[in-house]
Amino acid sequence: MHFPTAGGPFFRHLRIWHAVLVSLVVVTVVAFLVLLPSGGARPVPNSPCRPSDSAREDRPATSDVDGDGFADLVDEISDTENFDVTVVPGSEHGPDHDRTTLLTREDLGVPDDIQTADDPWRPTVADLDEDGHADFVVSSAASVLWGGAKGPQAGGPHGRIPLPGSGYHTAPIAGDFDGDGHTDLAVFRDSNEDQELVVVKGPFKRSGAPARIAAIPSPVHEGASPVLVAGDANDDRATDLALYDSPWDPPLLFTGGARTAGGLSKEPERLPAGENVVFGDFDGDGRQDVATGRSFVNSYDEDATPHRRGQVSVRYGKEPGKWVTMDGGDFKEGFGTRLAAGDFNGDGCDDLAVQLTRKKEAGDARIEVLRGGSEHGLGSKPWRATKRSVRGDDGPIDGTLAAVDDWDGDGRAELALTGGDRWWITDGTGRDEASFRADEGPQTDHT
């Protein structure tokens with residue numbers, strides 16, 4: 001599943017909670033790339049969902065860093081001086097904190113002159129050199145830690161993607177944007193001289209050298225640093241690219257597979273107003289759908305929230321010209337602040353996890369899940385709600401929506417929340433499968 005974080009005020013505060021880095025990517029990250037139901041898949045009465053017993057073999061999880069068949073939880077902790085990535089291996093019991101691996105700036109090959117500031121870099125997990133093993137792409141320097149049979153290892157071979165110029169604020173995300181079967185990378189560049197969307201075409205050599213590089217003039221206003229998320233909105237097997245979280249622009253969608261230098265459409269499509277975008281197959285027809293969230297909560301807590309309910313708008317693959325909008329939560333509750341797609345009950349349809357946040361800087365949050373597989377797709381009423389909190393110096397700190405994946409390989413996705421230096425891994429009913437501190441070494445902790 002692909003899960004974006006970025007440089008907006010809310011996401012900068014997520015750094016304190018050790019915002020997850022999946023990448024998704026995504027991955028960040030995306031629904032069509034992640035582990036789908038296998039032996040645990042089962043039919044659900046009156047559901048159009050179509051579980052597939054062979055999906056695990058056909059579509060291995062790109063977040064499987066060590067190649068053992070289980071998706072891994074990848075967490076990044078950064079500030080101006082430090083840069084660390086933590087990999088918590090998946091297992092039949094979920095993320096195994098006792099086997100956690102810490103990769104430092106030196107291990108990852110991130111140069112000392114790269115300043116991470118307050119914004120977390122999202123590592124991208126992808127097989128760039130097509131050797132069958134996952135690689136790490138980290139930091140705005142686009143450093144690559146090449147994988148092997150046991151995944152990327154400290155002291156292993158390094159490379160660096162030669163991004164043009166400067167002004168990069170996140171690691172590139174992965175996808176096959178031109179549909180040629182090779183993994184590409186996309187990243188947004190915002191420097192004093194230029195704003196552009198850079199597409200780096202695969203395959204890649206071990207030095208990091210790509211096949212070629214294409215630049216697209218910025219589709220957003222000057223000063224914006226949008227989040228990028230990849231998916232397949234038109235079922236053509238070429239990766240599409242969405243940009244969101246620009247204060248002055250609606251979410252935008254570039255379709256992949258175009259006959260352009262970057263493989264993306266010349267002009268992006270404007271999506272319904274919102275602060276995030278996610279892809280998932282909510283109606284079980286085998287095609288990805290697109291959802292946007294709009295909470296109406298301002299990024300700055302001192303600004304008043306209008307007396308409105310938040311919204312989620314969905315466009316199903318079978319009806320590409322139609323958007324369905326659902327209101328959620330109560331007035332001023334911030335329904336739609338964050339979104340994540342995952343198949344929590346293993347029926348073959350993705351469900352939609354929606355975060356509600358009254359005040360983004362305060363970090364209050366709860367998560368409601370809309371069940372996929374209704375007659376028309378997503379149900380408008382929450383299937384379940386999840387909330388976790390820990391004590392903080394100024395009051396409770398709520399766990400925020402951080403990641404979705406199938407870390408135990410049972411064909412049903414789990415939901416990860418993080419807040420106050422703690423992780424919670426919850427199952428499809430909201431029960432904790434694991435809970436551990438993010439700022440400590442491996443230990444047994446199921447509090």
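**Figure 1. The whole protein has three helices and 29 strands.** Here, helices (H or I, at least four residues) and strands (E, at least two) are DSSP runs, numbered from the N terminus. This is a predicted model, where local features need pLDDT of at least 70, side-chain atom pairs count only at pLDDT 80 or more, and totals for chains, interfaces and linings use all residues. Residues are numbered from 1 along each chain as its sequence is written, and side-chain values use heavy atoms, with hydrogens and water left out. Of the protein's 447 residues, 59% count as buried. Buried means under 20% relative accessible area, exposed means over 50%, and partly exposed is in between (1.4 Å probe, protein chains only). The protein exposes about 17,400 Å², and carbon and sulfur atoms supply 47% of that area. Accessible areas come from the Shrake-Rupley method with a 1.4 Å probe; for residues, only the protein chains shown count as cover.

**Figure 2. Step inside the largest nonpolar core, which has 16 residues.** A nonpolar core is a set of buried Ala, Val, Leu, Ile, Met, Phe, Trp, Tyr and Cys residues joined through side-chain atoms within 4.5 Å. Look for F177, L197, L228, L241, F254 and L264, the members that touch the most others. Two or more residues each come from β9 (184-190), β10 (195-201), β12 (227-231), β13 (240-244) and β14 (252-254). Now pick out L241: leaving aside its neighbours within four places in sequence, L241 is in contact (heavy atoms within 4.5 Å) with I173, F177, A186, L197, L228, V229, L252, L253, F254 and L264.

**Figure 3. Strand β13 is tucked in between β12 and β14.** Five of the five residues of β13 are buried, so this strand is largely enclosed by the rest of the structure. D240, A242 and Y244 point one way from β13, while L241 and L243 point the other way. Two strands pair if DSSP finds at least two bridges between them. Five bridges join β12 to β13, and these two run antiparallel; G231 stands opposite D240 here. β13 and β14 also pair in the antiparallel sense, over three bridges, with L241 opposite F254.

**Figure 4. Four strands, β20-β21-β22-β23, make an open sheet.** Strands of a sheet pair through backbone hydrogen bonds, either parallel or antiparallel. In this sheet the pairing is antiparallel. At the edges stand β20 (335-342) and β23 (382-386), each with a single partner strand, so one side of each is left without a neighbour in the sheet. From one strand to the next, the twist averages 25 degrees. (Axes are lines fitted to C-alpha atoms, for helices over the stretch in contact, and angles run from 0 to 180 degrees between N-to-C directions.) Zoom in on β22 (residues 366-370) and β23, and you'll find four bridges, with E368 standing opposite A385.

**Figure 5. L370 sits in strand β22.** At 1% relative accessibility, L370 counts as buried. Not counting residues up to four places away in sequence, L370 touches M326, F335, D351, L352, V354, L378, G379, S380, K381 and P382. D351 is 19 residues from L370 along the chain, yet their C-alpha atoms are separated by 5.8 Å.

**Figure 6. R315 is a buried arginine in strand β18 (residues 310-315).** Its relative accessible area is 9%. The R315 side chain makes a polar contact with the side chain of E269, at 2.5 Å. A polar contact is a pair of N or O atoms within 3.5 Å; within protein, one must be able to donate a hydrogen and the other to accept it, and residues adjacent in sequence count only if both atoms are side-chain atoms. Leaving out residues up to four places away in sequence, R315 touches A233, L253, E269, D289, V290, P320, K322 and W323.

**Figure 7. Three loops hold some unusual backbone geometry: see P203, E130 and D235.** Most residues other than glycine have a negative phi, and most peptide bonds are trans. A cis peptide bond joins G202 and P203, with omega about 5 degrees, and P203 lies in the loop between β10 and β11 (212-217). E130, in the loop between β4 (124-126) and β5 (135-138), has a positive phi near 60 degrees and is partly exposed at 42% relative accessibility. D235, in the loop between β12 and β13, has a positive phi of about 60 degrees too; its relative accessible area is 33%, which counts as partly exposed.
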